[in-house]
Amino acid sequence: MNEILTQEKSIYLQISEMIENDILRDVLLENEKVPSTNELAKFFKINPATAAKGINLLVDEGILYKKRGIGMFVTEGAKESIRNKRKSAFYENYIKSLLTEAASLGISDEELIEMIRQQKPKESSAFALL
């Protein structure tokens, strides 16, 4: 969790995203304890209530669970859950508008796929099947 807080969005959202990122990068593993709200507050120099709000957001989403008197832990399947949530958000926030704009410009599916292929790094296999 070496990221820096910015003014672009609410701090509690940034805290929850940082924890999600650490789960996706295997910095935090399933059933592993996450930093406490006080540890997060001290590290980022923020109010513990703000850190708690970020953690509670992940609890509400089923990403973290509480062990009474011990702390918060990463839920089994959290990584896959985060990945699915972010894939869905990626589709909603980027792909839909990309397809809408491509259609309004008369760009065919084949042209769009070729444009993507031209911009993808060669080592990526994401479009190997296209």
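In the predicted model, the largest nonpolar core comprises 19 residues, of which I19, I23, L40, I63, L64 and V74 touch the most other members. At least two residues of this core come from each of α1, α2, α3, β2 (71-74) and α4. The contribution of α1, at four residues, is the greatest. In soluble globular proteins, nonpolar side chains tend to be buried together. For I63, contacts beyond four places in sequence are made with I23, L58, F73, V74, T75, A78, S81 and I82. Two of these partners, I23 and V74, are themselves listed with I63 as touching the most other core members.

Helix α2 spans residues 37-44, and its buried residues are L40, A41 and F44. These residues lie on the same side of α2 because the arc they cover around the axis is only 100°. An α-helix has 3.6 residues a turn, so residues three or four places apart point the same way. N38, K42 and F43 are exposed on the other side of α2. The cover over the buried residues of α2 includes α1 and α3. After α2 comes K45, which has a positive phi near 55°.

The largest pocket holds about 150 Å³ of space. Its lining consists of L13, S16, E17, E20, L57, L58, E61, K85 and R86. By class, three of the lining residues are nonpolar, one is polar and five are charged. Helices α1 (11-24), α3 (48-60) and α4 (78-104) each provide at least two residues of the lining, and α1 has the largest share, with four residues. Helix α1 thus figures in both settings: α1 gives the most to the largest nonpolar core and the largest share to the lining of the largest pocket.

One of the lining residues of the largest pocket is E20, which is located in helix α1. E20 counts as buried because its relative accessibility is 3%, where buried means under 20%. Beyond four places in sequence, E20 is in contact with L58, E61, I82, K85 and R86. Among these partners, L58, E61, K85 and R86 also line the largest pocket. Both L58 and I82 are in contact with I63 as well.

Residue E30 is situated in the loop between α1 and α2. E30 has a relative accessibility of 38% and therefore counts as partly exposed, a class that lies between the 20% and 50% limits. Outside the four nearest places in sequence, E30 touches V74, T75, E76, G77 and A78. Of these, V74, T75 and A78 are also in contact with I63. The C-alpha atoms of E30 and K120 are 32 Å apart, with a separation of 90 residues in sequence.

Strand β1 (residues 64-67) contains Y65. Y65 is partly exposed, because its relative accessible area is 25%. Not counting residues up to four places away in sequence, Y65 touches N31, G71, M72, F73, V74 and T75. Among the residues in this set, F73, V74 and T75 are in contact with I63 too, while V74 and T75 are touched by E30. The C-alpha distance between Y65 and V34 is 10.0 Å, and these residues are 31 places apart in sequence.

Definitions and conventions: Residues are numbered from 1 along each chain as its sequence is written. This is a predicted model: local features need pLDDT of at least 70, side-chain atom pairs count only at pLDDT 80 or more; totals for chains, interfaces and linings use all residues. Side-chain values use heavy atoms; hydrogens and water are left out. On a 1 Å grid over the protein atoms alone, a cavity is a set of points where a 1.4 Å probe fits but cannot get out, and a pocket is an open set with protein on both sides within 12 Å along at least five of seven lines; lining residues have an atom within 4 Å of a point. Grid points are joined across faces, edges and corners, and a volume is the space filled by probe spheres set on the points. Ala, Val, Leu, Ile, Met, Phe, Trp, Tyr, Cys and Pro count as nonpolar, Asp, Glu, Lys and Arg as charged, and the others, Gly among them, as polar. Buried means under 20% relative accessible area, exposed over 50%, partly exposed in between (1.4 Å probe, protein chains only). The arc is that of the directions from the helix axis to the C-beta atoms. Contact means heavy atoms within 4.5 Å. A nonpolar core is a set of buried Ala, Val, Leu, Ile, Met, Phe, Trp, Tyr and Cys residues joined through side-chain atoms within 4.5 Å.
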